[in-house]
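Subject: Structure handover

Hi,

Here is the structure I promised to pass on. Have a look at it first, and my notes follow underneath.

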Amino acid sequence: MIRRAAPDNRPDTPPRRTPWRAGAAAVVRAVRTVGWYMDSVVGGQDYQRYVAHRRRVHPGKPIADERAYWRERYDDAERNPGARCC
């Protein structure tokens, strides 16, 4: 015997969120936002942007590996202090 589900006569409404779920979701969003910000401050996505730029603007030319990229970047920062205080 096949049982059929009873028709749902309720209007289409999103499921209710319990207060602790809403709070937990807000905490998760805040942690992800802080993580994204800290990653951008320390340059976490810089190498990926460099690779995308090289592929877009200089196709066919060799791309430095990540270690060589950071070595060159830090060496350049030492040679040209720019906005640093020391």
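Let me start with one residue, Y69. Leaving aside residues up to four places away in sequence, Y69 touches D46, Y47, Y50 and A64. Bear in mind that this is a predicted model.

Where does Y69 lie? It belongs to helix α3. Y69 has a relative accessible area of 14%, and since buried means under 20%, it counts as buried. One of its partners, D46, is 23 residues away along the chain, yet the two C-alpha atoms are separated by 9.5 Å.

Now for the overall layout. The protein chain has three helices and zero strands, so to read it from the N terminus you just follow α-α-α. Of the 86 residues in the protein chain, 9% are buried.

Helix α1 covers residues 19-41. With 23 residues at 1.5 Å a residue, α1 should span 33 Å, and its end C-alpha atoms are indeed 33 Å apart. Just after α1 comes G43, which takes a positive phi of about 85°.

Helix α2 (residues 46-57) passes the same sort of check: its twelve residues should span 16 Å at 1.5 Å a residue, and the end C-alpha atoms are 16 Å apart, which agrees. Which residues of α2 are buried? They are D46, Y47, V51 and R54. Looking down the axis of α2, these buried residues fall within an arc of 140°, so they line one face of the helix. R49 and R56 are exposed on the other side of α2.

And what do the buried residues of α2 pack against? They pack against α3, which brings us back to the helix that holds Y69. In general, two packed helices are described by the angle between their axes and the distance between the axes. Here, the axes of α2 and α3 (residues 66-79) come within 11 Å and cross at roughly 105°. That makes α2 roughly perpendicular to α3, because angles of 65 to 115 degrees count as such.

As for who meets whom, D46, Y47 and Y50 come from α2, while E66, Y69, W70 and R73 come from α3. By class, this contact has four nonpolar, no polar and three charged residues.

If you open the model, Y69 is a handy place to begin, with D46, Y47 and Y50 of α2 among the residues to display around it.

Cheers

Methods. Residues are numbered from 1 along each chain as its sequence is written. This is a predicted model: local features need pLDDT of at least 70, side-chain atom pairs count only at pLDDT 80 or more; totals for chains, interfaces and linings use all residues. Side-chain values use heavy atoms; hydrogens and water are left out. Axes are lines fitted to C-alpha atoms, for helices over the stretch in contact, and angles run from 0 to 180 degrees between N-to-C directions. Helices (H or I, at least four residues) and strands (E, at least two) are DSSP runs, numbered from the N terminus. Angles under 35 degrees count as roughly parallel, over 145 as roughly antiparallel, 65 to 115 as roughly perpendicular and the rest as oblique. Contact means heavy atoms within 4.5 Å. Ala, Val, Leu, Ile, Met, Phe, Trp, Tyr, Cys and Pro count as nonpolar, Asp, Glu, Lys and Arg as charged, and the others, Gly among them, as polar. The expected span of a helix is 1.5 Å times one less than its number of residues. Buried means under 20% relative accessible area, exposed over 50%, partly exposed in between (1.4 Å probe, protein chains only). The arc is that of the directions from the helix axis to the C-beta atoms.
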